[in-house]
Amino acid sequence: MSTSPSILSVLSEDLIVRVYECLDPPCRKTWRLISKDFLRVDSLTRTTIRILRVEFLPTLLFKYPNLSSLDLSVCPKLDDDVVLRLALDGAVSTLGIKSLNLSRSTAVRARGLETLARMCHALERVDVSHCWGFGDREAAALSSATGLRELKMDKCLSLSDVGLARIVVGCSNLNKISLKWCMEISDLGIDLLCKICKGLKSLDVSYLKITNDSIRSIALLVKLEVLDMVSCPLIDDGGLQFLENGSPSLQEVDVTRCERVSLSGLISIVRGHPDIQLLKASHCVSEVSGSFLQYIKGLKHLKTIWIDGAHVSDSSLVSLSSSCRSLMEIGLSRCVDVTDIGMMGLARNCLNLKTLNLACCGFVTDVAISAIAQSCRNLGTLKLESCHLITEKGLQSLGCYSKLVQELDLTDCYGVNDRGLEYISKCSNLQRLKLGLCTNISDKGIFHIGSKCSKLLELDLYRCAGFGDDGLAALSRGCKSLNRLILSYCCELTDTGVEQIRQLELLSHLELRGLKNITGVGLAAIASGCKKLGYLDVKLCENIDDSGFWALAYFSKNLRQINLCNCSVSDTALCMLMSNLSRVQDVDLVHLSRVTVEGFEFALRVCCNRLKKLKLLAPLRFLLSSELLETLHARGCRIRWD
């Protein structure tokens, strides 16, 4: 009997593409499995891909010929040899790739980078952040990618001025570069960067020990729009004065935790850039003075300001908000002088506020929260950590008026109780909720969250000792979209509740630290249901036996980071874990009383070609073989000896 043709066969390819683009990712995956037409369309239209297993790299590059963005940051076995074999594969084309993410690819060195730069002729964006072995030789290899526009090199600890010079000479058209934590970069390198890459629009020099001389060079960049210099200890007000008459296009500046910067330096920035839109000066100014407010009044386009840690009086906050009515984000954490009066003025003046940080503002009460909720209807993020005067009355206003809130931080708020959670559950768009150290909540309150907050993605219940298995079951039934869950030190939880977590099929981050009532049965249930789990912390879970770790080794193939400190894992189970978890890159293995030196040696040998970070007890430095330690180092693994 002949089968009737698919309705898709009468549609043009253009129409199939349009239909495919309307589908969400899970539906796309389903349709690819049942329809050759959709499979073909996906192959031709996919432009981005994140590869988890290096052995599939050639096949996937051949299958998707129109890729423009390639993410290899979670590919644990990627090294120079893999890249060289890829270059010799004539069936693979990388000519269209414009963006390449090699973050944490510590085993890719100069040979591999040079080969990638030669293969990807259209390369415009590269991320090599957290490649601690990336040094001057690697920089010289990467400099052959002359078309680079954006380069991220955060925490490339071996990079010096020499390597930076090779890059800026070879890639003179850079318009965005991040050098955060590149501690060997000095004024000399920054000066050369600014002289050659005159088209720079975004520059991040956070944590560098550069001086005011670098700011003098940066001020010559006429197209610079974004400047981040967080925690630069040698920069002071004199350096910021160079910016007053320089960098005319500057729109965003971050001088957070620059300990030598004062209000005088900020006034220089504000005075020279009346069109600035973002100013972050957290924990670097002691107070907001009247003179500063006079200059702030001219910033009609200011959308974001962070002044965390400063003394801000109510009158200053009212004056600031009345002058900058376009504010959408304000950071006031640890501004201990802020009270309800100032917050009511802020609510009255800044109706478009979307993000508000009031962490550790101890004098803020329900009155302020009610005013914010009623006036700022577009509020999306509210941080109230350690605001001990907030009670269910303030949360009732949030539930009634703040329908667009997606992120709410109530960590360490003593006044939060079950009735408060009932009100919060009316925020139906809530995606991230932090309730750590809220000791007055129970299963009853958690039940409200589980039954009404179906869009919740992240939930932090750190040390919430008042809720137990029933509450966790309600969360597991109702919050199916959860991908991050923190349950550390929730001491009432047992296997009965933890087993319910297996319903959370999208869960990728799980913290169970200090749960002494769970055993291998609970961990096995989690492993069998949460196949996407990438991070797991079971430190101090002393009653989990080998059966749980065996299940983890069998089911949790996507695990990339795991903390097993103070667990009862044996030699055999540890070896099986390290052998089967083919994507694991970051492991903490401290105080494993049942694991012998031979067990550590064998377990580390089977995974040494993919580890990036490892934590071990210090005595093992002298007990493990030098050959193993040298291999780990050569593969780019950083070992922390505890």
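What covers the buried residues of helix H19? The cover includes helix H18 (418-424), strand E16 (432-434) and helix H20 (469-478). This briefing concerns a predicted model, and it takes up helix H19 and its partner H20, then a second pair of helices, and finally the cysteines.

**Helix H19 and its packing against H20**

- Helix H19 spans residues 443-452, and its buried residues are Gly-445, Ile-446, His-448, Ile-449 and Gly-450.
- The axes of H19 and H20 come within 8 Å of each other and cross at roughly 0°, and because angles under 35 degrees count as roughly parallel, H19 is described as roughly parallel to H20.
- On the H19 side the contact is made by Asp-443, Ile-446, Phe-447, Ile-449 and Gly-450, while on the H20 side it is made by Asp-470, Gly-471, Ala-474, Leu-475, Arg-477 and Gly-478.
- Sorted by the character of their side chains, the residues of the contact of H19 with H20 divide into 5 nonpolar, 3 polar and 3 charged.

**Helices H5 and H6**

- Helix H5 (residues 80-88) packs with helix H6 (residues 110-119) at an angle of about 30°, and the axes of the two helices lie 8 Å apart.
- That angle makes H5 roughly parallel to H6, since the cut-off for this description is an angle under 35 degrees.
- The crossing in which H5 passes H6 is left-handed.
- From H5, the residues Asp-80, Asp-81, Val-83, Leu-84, Leu-86 and Ala-87 take part, and they meet Ala-110, Arg-111, Gly-112, Thr-115, Leu-116 and Met-119 of H6.
- The residues of this contact of H5 with H6 divide into 7 nonpolar, 2 polar and 3 charged.

**Cysteines without disulfides**

- A disulfide is a covalent bond that joins the sulfur atoms of two cysteines.
- In this model the count of disulfides comes to 0, where a pair of cysteine sulfur atoms would have to lie within 2.5 Å to be counted.
- Why is the sulfur of Cys-182 not bonded to the closest cysteine sulfur? The closest one belongs to Cys-156 and is 5.2 Å away, which is too far for a bond.
- Cys-182 is also buried, with a relative accessible area of 0%.
- For Cys-453, the closest cysteine sulfur is the one in Cys-479, and because the distance is 6.4 Å, the two are too far apart for a bond.
- Cys-453 is likewise buried, and its relative accessible area is 0%.

Terms used:
Residues are numbered from 1 along each chain as its sequence is written. This is a predicted model: local features need pLDDT of at least 70, side-chain atom pairs count only at pLDDT 80 or more; totals for chains, interfaces and linings use all residues. Side-chain values use heavy atoms; hydrogens and water are left out. Axes are lines fitted to C-alpha atoms, for helices over the stretch in contact, and angles run from 0 to 180 degrees between N-to-C directions. Helices (H or I, at least four residues) and strands (E, at least two) are DSSP runs, numbered from the N terminus. Angles under 35 degrees count as roughly parallel, over 145 as roughly antiparallel, 65 to 115 as roughly perpendicular and the rest as oblique. A crossing is left-handed if the near helix is turned anticlockwise from the far one by less than a right angle, and right-handed if clockwise. Contact means heavy atoms within 4.5 Å. Ala, Val, Leu, Ile, Met, Phe, Trp, Tyr, Cys and Pro count as nonpolar, Asp, Glu, Lys and Arg as charged, and the others, Gly among them, as polar. Buried means under 20% relative accessible area, exposed over 50%, partly exposed in between (1.4 Å probe, protein chains only).
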